[in-house]
Amino acid sequence: MRRLTITIAILMPLALSIQAQKTYVLMAGVSNYGVDSINLKNTTKDVKDLKNVFYKQDFTCAMITSKNANHDNIVTKLNAIVKLAKSSDRIIFYFSGHGTPGGFVPSDRSLFNYQELVNILSKAKAQNVYCFIDACMSGSVKTISANNFGIGNGYPKICFMTSSDARELSAEDLWIGHGYFTKALLKGLRGMSDKNSDKDVTLSELFNYIYKDVKFRTKNFKHPQNPQLICPASMKGTKITQW
């Protein structure tokens, strides 16, 4: 009986830790903006391929694309995830589409301001929140406040990884079938960013890989892309996925 009691005592914390954390993911991509001259080619594929990676991690995923990825739908689904996530859980938000200084552009061609996004996500009880934004000028999220990301009484659990700096365009490539940032993100999540080969992909490993990959592939552009990582130092070692 004593041996059984000891075995149960050992296994119970392990079982609780396995069940403890869930990852809720919302992925939004807009290819069709209703105007041929501004439509994009690869953003829907960006979302679908990313969904396949996250499903393999048993993450709880929601995907909205093109006309369904409008401002109201994104807000509704974000609020639902924020309500679901417990203190032991994580939230991942991904957007692929057009961007402008201060925000990204949903399918209704409105501005989804980064401050609005942070206001919604900061209400979550989740342990950590990760935002991946593949859009022009996405690094402008830094301008919402110098104190928002882990400084003072800001948002110590929210991270942004963006495809470009505040004044840069973010490109997609028909040959690779993705935006340059998203292509690097996909490769990094599949293990190519795992520098120490421990089968875990940390936030810092992922960003370092993405930064080098995107810089290399856009080095001959008139305005090369410089992906940005905006987050508190305490989040940089957190694990994003296993592979």
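## Notebook: loops, cores and helix packing

I began with Met137, which lies in the loop between β7 and β8. The model is a predicted one, and in it the phi of Met137 is near 60°, a positive value in a residue other than glycine. I noted this because most residues other than glycine have a negative phi. I then looked up Ser197, which also has a positive phi, of about 55°, although it is not a glycine. Ser197 sits in the loop between α5 and β11, the strand of residues 200-202. Is Ser197 buried or exposed? Its relative accessible area is 57%, over the 50% cut-off, so I entered Ser197 as exposed.

**Whole chain**

I stepped back to the protein chain, in which I find six helices and 13 strands. Of its 243 residues, 52% count as buried. I also looked up how contacts are spread along the sequence: among contacts with a separation of 6 or more, 76% are accounted for by residues 24 or more positions apart.

**Nonpolar cores**

Which residues have the most contacts inside the largest nonpolar core? I listed Leu78, Ile91, Phe93, Phe95, Leu117, Leu121 and Phe160, in a core that has 36 residues. The elements that give two or more residues to this core are the strands β1 (23-29), β3 (90-96), β7 (128-134) and β8 (158-162), together with the helices α3 (71-84) and α4 (114-121). A second core, separate from this one, has 28 residues and includes Met27, Leu185, Phe207 and Ile240.

I took Ile91 from the list for a closer look and, leaving out residues up to four places away in sequence, found that it touches Tyr24, Ile81, Val82, Ala85, Leu121, Ala124, Ala126, Asn128, Val129 and Tyr130.

Leu121 came up again when I turned to Asn79, a residue of helix α3. The C-alpha atoms of Asn79 and Leu121 are 8.0 Å apart in space, while the two residues are 42 residues apart in sequence. With a relative accessibility of 36%, Asn79 counts as partly exposed.

**Phe59 and Lys239**

I next looked up Phe59, whose place is in the loop between α2 and β2, the strand of residues 60-65. Its relative accessibility is 10%, under the 20% cut-off, so Phe59 counts as buried. The C-alpha atoms of Phe59 and Tyr24 are separated by 6.1 Å, although the two residues are 35 residues apart along the chain. What does Phe59 touch, not counting residues up to four places away in sequence? I recorded Thr23, Val25, Phe54, Arg90, Ile92, Ile240 and Thr241.

Arg90 turns up again among the contacts of Lys239, which, with residues up to four places away in sequence not counted, touches Arg90, Tyr130, Asp200, Val201 and Thr202. Lys239 is found in strand β13, residues 239-242. Between Lys239 and Asp200 I read a C-alpha to C-alpha distance of 6.5 Å, for a sequence separation of 39 residues. The relative accessible area of Lys239 is 38%, so I entered Lys239 as partly exposed.

**Helix α5 and its partners**

I then examined helix α5 (residues 180-192) against helix α6 (residues 203-217), and found that they pack at an angle of about 140° with their axes 9 Å apart. An angle over 145 degrees would count as roughly antiparallel, so at about 140° I entered α5 as oblique to α6. The crossing in which α5 passes α6 is right-handed. On the α5 side I listed Tyr180, Phe181, Ala184, Leu185, Lys187, Gly188, Leu189 and Met192, which meet Leu206, Tyr209, Ile210, Asp213, Val214 and Arg217 in α6. By class, the residues of the contact of α5 with α6 divide into 10 nonpolar, one polar and three charged.

I repeated the look-up for helix α2 (residues 43-55) with α5, where the angle is about 10° and the axes are 11 Å apart. Angles under 35 degrees count as roughly parallel, and α2 and α5 are therefore roughly parallel to each other. Their contact is made by Asp46, Asp49, Leu50, Val53 and Phe54 of α2 and by Thr182, Leu185, Leu186, Leu189 and Arg190 of α5. For the contact of α2 with α5 I counted six nonpolar, one polar and three charged residues.

Technical notes:
Residues numbered from 1 in each chain as written. Predicted model: local features only at pLDDT ≥ 70, side-chain atom pairs only at ≥ 80, totals over all residues. Heavy atoms only, no water. Axes fitted to C-alpha atoms, helices over the stretch in contact; angles between N-to-C directions. Helix = DSSP H or I, 4+ residues; strand = E, 2+ residues; numbered from the N terminus. Parallel < 35°, antiparallel > 145°, perpendicular 65-115°, else oblique. Left-handed = near helix turned anticlockwise from the far one by under 90°. Contact = heavy atoms within 4.5 Å. Nonpolar A, V, L, I, M, F, W, Y, C, P; charged D, E, K, R; others polar. Core = buried A, V, L, I, M, F, W, Y, C linked by side-chain atoms within 4.5 Å. Buried < 20%, exposed > 50% of the residue type's maximum accessible area, 1.4 Å probe, protein only.
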